[in-house]
Amino acid sequence: MAGVILNISLLILLCRKDIGRAARLYRISCMITALLGLYTSFLLLLLQDVVILVDDCLAVVLYGSLLFYLPNRVIDHLAVAFFTQVHTMWQTISAPSVVQWMTLAHPNSSSARKLLYAYSIPALFYINTWDD
């Protein structure tokens with residue numbers, strides 16, 4: 001619950017506080033990171049995973065206090081969302097650094113191009129995960 005509260009507080013702070021024209025692109029990147037943190041925190045409220053090794057077989061067990069009350073189809077969607085976010089989160093962590101690098105290395109590029117370059121690979125991974 002603390003992660004949800006902290007990420008909502010960060011989003012409110014980033015929306016209200018003017019950090020200057022020069023840092024506008026980095027502010028957008030921080031907002032995306034805060035939204036992903038809020039999404040992860042919300043998913044962790046609903047379910048957690050434990051990896052168990054039994055007889056040389058790896059099993060992933062999902063558990064959570066609300067899982068018993070939800071329909072199986074909803075649980076399946078939550079599981080895909082959880083594994084997508086938690087196990088590919090490392091790809092979105094580096095995106096703000098890519099935005100900074102693009103700003104320094106290519107100052108004449110548009111802000112939209114910098115954001116597209118930084119977040120296109122993580123977005124493709126998320127889209128590929130949901131593709132059946």
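**Reading surface and rings**

Student: At 44% relative accessibility, does Val54 count as buried, partly exposed or exposed?

Tutor: Val54 counts as partly exposed because its relative accessibility is 44%; buried is under 20% relative accessible area and exposed over 50%, with partly exposed in between (1.4 Å probe, protein chains only). This is a predicted model, where local features need pLDDT of at least 70 and side-chain atom pairs count only at pLDDT 80 or more, while totals for chains, interfaces and linings use all residues. Residues are numbered from 1 along each chain as its sequence is written, and side-chain values use heavy atoms, leaving out hydrogens and water.

Student: Which residues form the nonpolar patch on the surface?

Tutor: A patch takes residues with over 30% relative accessible area and no salt bridge (Lys or Arg side-chain nitrogen within 4 Å of an Asp or Glu carboxyl oxygen), joining nonpolar side chains within 5 Å and like charges within 9 Å. Here Val50, Ile52, Val54, Val61 and Tyr63 share about 370 Å² of accessible area (Shrake-Rupley, 1.4 Å probe). Strands E1 (48-54) and E2 (57-63) each give two or more residues; strands are DSSP runs of at least two residues, helices of at least four. E1, where Val54 is found, gives the largest share, three residues.

Student: How many aromatic pairs does a search of the whole structure find?

Tutor: Ring pairs are described by centre distance and plane angle. The search finds one: Trp101 and Tyr117, tilted, with 6.3 Å between centres and 35° between planes. Centres must lie within 6.5 Å; planes under 30 degrees apart are stacked, over 60 edge-to-face, the rest tilted. The pair links helix H5 (Trp101) to helix H6 (Tyr117), 16 residues apart.

Student: What is the relative accessibility of Tyr117?

Tutor: Tyr117 has 47%, so it is partly exposed; Trp101, at 45%, is partly exposed too.

Conventions: Rings of Phe, Tyr and Trp (its six-membered ring) pair if their centres lie within 6.5 Å; planes under 30 degrees apart count as stacked, over 60 as edge-to-face and the rest as tilted.
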